[in-house]
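Hi,

Here is the structure I promised to pass on. Have a look at it first, then read my notes below.

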Amino acid sequence: ADDDFARIPLHAAFLAAGDGAENGIEQIVDYLAFRRDWLRRIGVAPGNAALARVDGESMQPSIWHGDMVMVDRSQIEIPVRARTTESRHRSPVYALLEDGRARVKRLERPTDDQLVLISDNPEYAPQFVHPGTISVIGKVVWWGHTARE
C-alpha cells in the first residue's frame, strides 16, 4: 500500500567527500520510496529526510563516489565528546556546509571550540576547525551504492 511508503526527495546536489561542492539552488530531481516503518525504526521523520549524491573518494571505503546518502536534517547538533582509547564506535557522518561548499565527513567535537572533520580514506588527514565556521545540514543515516565491476 502507498501508505506504507514515504517519498523522500532526491536533490540535484552533491556532497563532496573532499574539499566541498558548490550546488547553487537545491532542486528536487526525483523521489525514492522508503518504508515508513523502517524510517521510524531508525528515528527519521519523512519530512526531515533528504537524499543527495556523494562526489569524491575521501570517505572510501564506507561511502564511494556516486553513492546516494540520506540525511536527517533534524540532527544538526554535534555533541561535545572526548575520544577515548576505549572508544569502539566510529564518529557519525554528517552533511555540512563550509564556506558555502557542501561536504560529507565524520565529525568529532572534543571541546566546545574545536571540531574535527575526519575522512575514512587514510590518504586524507583530519581537519581541525572552529564549530562556528561550518553549518551542519544533518546527520547521514543511510547510504547505498551499486556494485561496479
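What follows is a short tour of the side-chain contacts and the backbone spots that caught my eye. Keep in mind that this is a predicted model.

**Aromatic rings**

I'd start with the aromatics. A search through the whole structure turns up 2 aromatic pairs. Phe-34 and Trp-38 make up a stacked one, with 5.8 Å from centre to centre and 25° between the planes. Phe-34 also pairs with Trp-142: here the centres are 5.3 Å apart and the planes stand at 80°, so this pair is edge-to-face. That contact ties together distant parts of the chain, since Phe-34 sits in strand β2 (residues 28–35) and Trp-142 in strand β9, 108 residues apart. Put together, Phe-34, Trp-38 and Trp-142 form one aromatic cluster.

How exposed are the members? Phe-34 has a relative accessible area of 10%, so it counts as buried. Trp-38 comes out at 22%, which makes it partly exposed, and Trp-142 is partly exposed too, at 25%.

**Charges over rings**

Two arginines are worth a click as well. Arg-7 lies over the face of Tyr-31, 4.2 Å from the ring centre. The charged end of Arg-35 is placed over the ring of Phe-5, at 5.4 Å from its centre.

**Salt bridges**

Arg-35 turns up again in this part. The count of salt bridges comes to 4, and in one of them the side chains of Arg-35 and Asp-37 meet at 3.0 Å, N to O. Both partners are partly exposed: Arg-35 has 38% relative accessibility and Asp-37 has 29%.

Another salt bridge joins Glu-98 and Arg-103, at 2.5 Å from N to O. Glu-98 and Arg-103 are both buried.

Then there is Asp-120 with Arg-106, where the closest N and O atoms are 2.6 Å apart. This pair again links distant parts of the chain: Asp-120 is in the loop between β7 (114–118) and β8, while Arg-106 is in strand β6, 14 residues away. Is the pair buried or exposed? Asp-120 is buried at 12% relative accessible area, and Arg-106 is buried at 8%. Arg-90 belongs to the picture too, as Arg-90, Arg-106 and Asp-120 are linked in a network of salt bridges.

**Backbone and loops**

Three loop positions to finish with. The peptide bond from Gln-60 to Pro-61 is cis, with omega near 15°. Pro-61 itself belongs to the loop between β3 (49–55) and β4 (68–72).

Asp-99 has a positive phi, near 55°, although the residue is not a glycine. You'll find Asp-99 in the loop between β5 (93–98) and β6 (101–111). With 72% relative accessibility, Asp-99 is exposed.

Gly-132 is in the loop between β8 (127–129) and β9 (134–144), and at 64% relative accessibility Gly-132 is exposed as well. From Gly-132 to Leu-115 the C-alpha distance is 9.3 Å, with their positions 17 residues apart in sequence.

If you open just one view, I'd pick the aromatic cluster of Phe-34, Trp-38 and Trp-142, and after that the salt-bridge network of Arg-90, Arg-106 and Asp-120.

Cheers

Conventions:
Residues are numbered from 1 along each chain as its sequence is written. This is a predicted model: local features need pLDDT of at least 70, side-chain atom pairs count only at pLDDT 80 or more; totals for chains, interfaces and linings use all residues. Side-chain values use heavy atoms; hydrogens and water are left out. Helices (H or I, at least four residues) and strands (E, at least two) are DSSP runs, numbered from the N terminus. Buried means under 20% relative accessible area, exposed over 50%, partly exposed in between (1.4 Å probe, protein chains only). Rings of Phe, Tyr and Trp (its six-membered ring) pair if their centres lie within 6.5 Å; planes under 30 degrees apart count as stacked, over 60 as edge-to-face and the rest as tilted. A charge sits over a ring if NZ of Lys or CZ of Arg is within 6 Å of the ring centre and within 35 degrees of the ring normal.
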